[in-house]
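Grab a coffee and work through the exercises below with the structure open beside you. Try each task before you read its solution.

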Amino acid sequence: MVPDTREGIKKALSFPAQENREGLIEVLKDQEGLLMPPIVLNPTTKLPTSQGESQGVNTALVDKFFPGSDYSPAVKLKNGNPANACPDGSNYLESIAKGYTKCGGWVVLGECANGHQFAKEIFCGYEWCPVCGKKESKVHKRRIARWLPKAMQIAEMGYWVITVPPEKRGLLRNVGELRRFRRSIVRSLKRRGYARGLSRYHYFGKKHPGIFHPHLNILVEAGFLSKAELGDMKKLFSDLLNYPVEAHYSYTRNPKMMLHWVKYVTCATFLTYKWDSEMADRLYHFNNTHCWGNWKKRPVWQVDEKEEASATIISFLEENVCPWCKTKIKWKGGRCGVKPIEDVFYMGYMHIGEGYWALAPPLDEWGNLPEI
Ligand SMILES: [Zn+2]
Ligand SMILES: [Zn+2]
């Protein structure tokens with residue numbers, strides 16, 4: 001079923017002027033539909049040029065709904081491009097890090113080999129970002145979406161939490177060691193026949209926020225392990241690393257629990273930059289999310305149907321693959337490709353979830369949406 005967005009848009013347009021963009025975006029989110037027919041609101045809106053200037057956008061109308069805020073396309077267009085709004089000329093991500101720009105509100109446009117059009121809201125993605133680090137933020141949900149289709153292939157899930165004793169934590173303040181630690185643990189698991197798994201560090205524990213306490217979370221395909229087997233794994237971990245490790249293990253066959261673990265492991269724990277600014281700077285280029293093995297099997301459990309469909313579409317988009325025809329999406333990034341999110345709204349793009357927008361999804365001969 002294709003939800004009708006016209007009602008929502010009518011609602012959005014009847015907003016009083018002081019209810020700005022946030023309200024409009026909320027209304028769009030309320031639609032909850034995965035795909036909606038594109039509606040071009042304003043016939044004077046022309047597609048932007050490849051130079052990134054949104055020519056032809058009715059800025060007077062846009063300003064009416066997003067009056068004078070930082071989000072106002074009129075303000076943005078005056079500056080030409082978000083990067084130029086930055087007093088020291090730093091780029092978009094730097095400008096977020098330095099606090100000149102609030103994270104979100106900008107998109108890059110993309111197109112697959114068959115001409116299907118997408119827009120992707122861009123985020124800094126830092127755990128300590130007030131926008132990205134929030135539980136269930138778009139960035140968090142994108143991470144969940146990347147893991148969910150894999151996790152759903154696991155019938156019985158084992159969950160390892162692996163760390164070092166407190167006096168050894170200093171070792172893991174080094175990004176090289178964080179990589180070596182993960183590599184050694186994964187190698188040990190592979191040796192014991194764990195052909196695939198998902199891993200991600202949490203840098204702080206819930207009990208002592210602000211105290212650096214790195215621990216590696218790993219989800220694998222496994223069930224009950226005897227005391228002897230657990231001891232054997234722990235010994236293997238320590239032998240490869242040359243220092244003692246602390247390991248905790250649990251397992252489940254309950255899909256609700258597995259879903260909970262996926263959401264929990266992908267959440268942010270480094271919630272405040274000032275907790276450990278030195279470590280935050282070191283983690284600048286560290287790729288925290290990691291998986292190994294082959295994930296081409298069929299799902300063996302299900303979550304809520306809507307959540308699953310949405311995660312599937314988002315997981316394709318996260319890998320830069322068109323969810324409709326499976327060809328590669330090319331994002332027109334760079335300074336010229338960045339646009340205010342309102343532009344895609346006025347160009348008739350519809351929100352398909354977690355900051356991804358699509359223009360005119362292809363319908364079959366009966367007018368139904370394509371199977372994913
Ligand atoms: Zn951010
Ligand atoms: Zn396509």
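Some ground rules come first, then four exercises with worked solutions.

This is a predicted model, so local features need pLDDT of at least 70 and side-chain atom pairs count only at pLDDT 80 or more, while totals for chains, interfaces and linings use all residues. Residues are numbered from 1 along each chain as its sequence is written, and chains are lettered from A and ligands numbered from 1 in the order in which they are written.

**Exercise 1. Get the overall picture**

Task: How many helices and strands does the protein have, and what percentage of its residues is buried?

Solution. Start with the secondary structure: there are 13 helices and eleven strands. Helices (H or I, at least four residues) and strands (E, at least two) are DSSP runs, numbered from the N terminus. Next comes burial: 34% of the 372 residues are buried. Buried is 20 or more other C-beta atoms within 10 Å of the residue's own, exposed is 12 or fewer, and partly exposed is in between, with C-beta atoms placed from the backbone. Finally, take the contacts between residues at least 6 apart in sequence: 70% of them join residues at least 24 apart. A contact here is two C-beta atoms, placed from the backbone, within 7 Å.

**Exercise 2. Sort out the five-stranded sheet**

Task: What is the strand order in the open sheet of five strands, and which strands stand at the edges?

Solution. Read off the order: S6-S3-S5-S4-S7, with antiparallel pairing. Strands pair if DSSP finds at least two bridges between them. S6 and S7 (290–292) are the edges; each has a single partner strand, so one side of each has no neighbour in the sheet. From one strand to the next, the twist averages 20°. Now zoom in on S3 (residues 157–163) and S5 (residues 212–221), an antiparallel pair with six bridges. Here valine 161 sits opposite asparagine 217 of S5. Last step: H7 (residues 175–191) lies across S3, S4 (197–204), S5 and S7, at about 25° to S5. Axes are lines fitted to C-alpha atoms, for helices over the stretch in contact, and angles run from 0 to 180 degrees between N-to-C directions.

**Exercise 3. Follow strand S1 to its partners**

Task: Which strands does S1 pair with, and how many bridges join each pair?

Solution. Begin with S9 (residues 338–340): three bridges join this strand to S1 (residues 106–112), antiparallel, and valine 107 faces lysine 339. Move on to S2, also antiparallel to S1, with five bridges; valine 108 is opposite lysine 120 there. S1 and S2 make a hairpin with four residues between them, and glycine 115 in the turn has a positive phi of about 85°. Then take S8 (residues 329–332), antiparallel to S1 over four bridges, where leucine 109 has lysine 332 as its bridge partner.

**Exercise 4. Describe a helix pair**

Task: At what angle do H6 and H9 pack, and which residues make the contact?

Solution. The angle is about 145°, and the axes of H6 and H9 (residues 255–265) are 10 Å apart. On the H6 side you'll find Ile144, Trp147, Leu148 and Ala151, and on the H9 side Met258, Val262 and Lys263. Sorted by class, that's six nonpolar, no polar and one charged residues. Ala, Val, Leu, Ile, Met, Phe, Trp, Tyr, Cys and Pro count as nonpolar, Asp, Glu, Lys and Arg as charged, and the others, Gly among them, as polar.
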